[in-house]
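Me: I should like to learn how a nonpolar core and a sheet are read from a model. Could we take the core before the sheet?

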Amino acid sequence: MRSCTAPRAFDEPIYVTRPILPSLETYLEYLREIWTSRQLTNAGSLTGELEHLLGAYIEASHMSLFNNGTMALLTACQALGLSGEVITTPFTFPATPHALTWSRITPVFADIDPVTMTIDPVAVESLVTSRTTGILGVHVYGLPCAVGALQVIAEKFALRLVYDAAHALTTRINDRPIINFGDISMLSFHATKLFHTAEGGALVTRDEQLRQRIDLLRNFGIKNETTVLECGINGKMSELHAALGLCALSLIENERAARRKLATVYRERLGDFPGVTLMPMLPNVILSDQYFVIRIRESQFGMSRDALCAALKRFKVFARRYFSPLCTEYPHYKSLSSADPARLPVAYAVAQEVICLPFYGALGIDGAHRICDMIEYVFAAPLERV
Ligand SMILES: *Cc1c(COP(=O)(O)O)cnc(C)c1O
């Protein structure tokens with residue numbers, strides 16, 4: 001394992017992800033179509049086509065496209081009539097609790113599972129009060145929440161169950177798409193996501209009536225020329241974004257295959273390091289290939305996650321500490337009683353350990369090997385090499 005000569009740094013900065021892009025010519029063909037039709041937005045034919053094709057690809061019963069994932073999540077809160085308190089995870093991107101706050105809902109933070117890093121159902125149940133109206137789980141890194149246990153709790157207390165599936169477009173559990181659990185799942189098609197439309201998102205539901213309500217809310221609540229039924233918002237995806245999505249859709253399978261090869265390299269080369277825990281492989285789960293996360297336990301690895309991050313930067317590798325700090329450390333949430341670190345021991349420990357490695361097809365297996373060489377090198381002599 002010991003390597004003595006320092007690996008060569010990358011010439012260009014290497015980030016955690018890089019968006020897939022079609023050839024400009026392919027995108028131009030769609031733009032010509034748009035220029036001819038002059039329909040730029042408002043339920044155009046490309047948005048309709050993407051809704052249909054992407055929905056079929058992920059086996060969604062009903063999918064509504066949005067202009068971003070956060071707007072989709074706000075609309076989910078509205079469509080389900082959530083209010084009072086909603087139980088969620090602190091180990092996520094800011095959009096998750098912020099969507100609740102913008103909906104005048106108090107997020108109540110529950111601790112997470114030490115292996116899947118998703119919300120712990122036992123903690124969730126202990127936090128239910130008379131003000132609780134829902135649960136908002138996050139399939140973080142595409143690892144599925146304990147969907148069965150959460151469903152039982154939701155039914156027991158008559159709560160709505162929403163999933164932030166921004167990382168989990170293609171996650172499957174027992175050969176079922178993860179997006180088909182709960183009342184609504186939210187997807188993000190931001191440029192950092194495996195499938196993207198530059199900015200974009202969606203809601204998925206199995207309930208046709210709920211889908212109609214979502215579609216109404218997405219477009220100001222307008223039913224027809226003379227009737228505005230609800231207090232909706234502008235959540236529509238434009239034709240230009242949908243066109244990018246139609247191009248990206250044809251690239252997903254290749255990108256996933258390339259990412260799986262990188263995951264194999266990381267697993268083979270980093271699995272035996274003391275103090276390194278790889279992203280878990282769970283029985284009957286197919287992961288979404290969105291992120292590759294490892295955890296660094298300082299006491300065994302000999303250096304902290306932060307020191308490893310700093311060392312990798314010297315090789316121009318910009319690994320990320322997703323999701324640290326926890327949402328409960330933001331000034332806006334810090335003073336909530338559910339944000340007390342003493343109640344969130346697992347989340348606080350995990351947030352100290354996680355590091356997302358560069359994970360995109362164009363990195364190539366050679367790139368992944370070079371990153372492993374760098375980790376090996378700093379591991380061999382952590383003090384001199386930070
Ligand atoms: C990306 C992301 C979002 C937000 O999606 P946008 O499309 O950027 O609004 C929400 N939750 C999680 C967990 C995310 O990673």
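Reply: In this predicted model, the largest nonpolar core comprises 109 residues. Phe91, Met117, Tyr141 and Tyr266 have the most contacts inside it.

Me: Which helix gives the most to this core?

Reply: Helix α13, residues 364-380, does so with 8 residues. The core lies between domain 1 (14-20 + 252-319 + 358-385) and domain 2 (24-249), because both give residues to it.

Me: With which residues is Met117 in contact, leaving aside its neighbours within four places in sequence?

Reply: Among them are Phe91, Ile112, Val140, Tyr141 and Leu143. Pro280, Val293, Arg295, Val350 and Val354 are also in contact with Met117. A second, separate core has 23 residues, including Ala72, Leu80, Ile105 and Leu136.

Me: How, in general, do the strands of a sheet pair?

Reply: They pair through backbone hydrogen bonds, in either a parallel or an antiparallel sense. Here, 7 strands form an open sheet with mixed pairing, in the order β1-β9-β8-β5-β4-β2-β3. The edges are β1 (62-66) and β3 (106-109); each has a single partner strand, so one side of each is left without a neighbour in the sheet. On average, neighbouring strands of this sheet are turned by 25° against each other, direction ignored.

Me: In which sense do β2 and β4 pair, parallel or antiparallel?

Reply: Strand β2 (residues 85-88) pairs with strand β4 (residues 132-138) in the parallel sense, over 4 bridges. Val86 has Gly134 of β4 as its bridge partner.

Me: Which strands does helix α7 lie across?

Reply: Helix α7 (residues 208-218) lies across β1, β8 (184-188) and β9 (201-205), and runs at about 15° to β1.

Terms used:
Residues numbered from 1 in each chain as written. Predicted model: local features only at pLDDT ≥ 70, side-chain atom pairs only at ≥ 80, totals over all residues. Heavy atoms only, no water. Pairing = 2+ DSSP bridges. Helix = DSSP H or I, 4+ residues; strand = E, 2+ residues; numbered from the N terminus. Axes fitted to C-alpha atoms, helices over the stretch in contact; angles between N-to-C directions. Contact = heavy atoms within 4.5 Å. Core = buried A, V, L, I, M, F, W, Y, C linked by side-chain atoms within 4.5 Å. Buried < 20%, exposed > 50% of the residue type's maximum accessible area, 1.4 Å probe, protein only. Domains from an automatic or database assignment.
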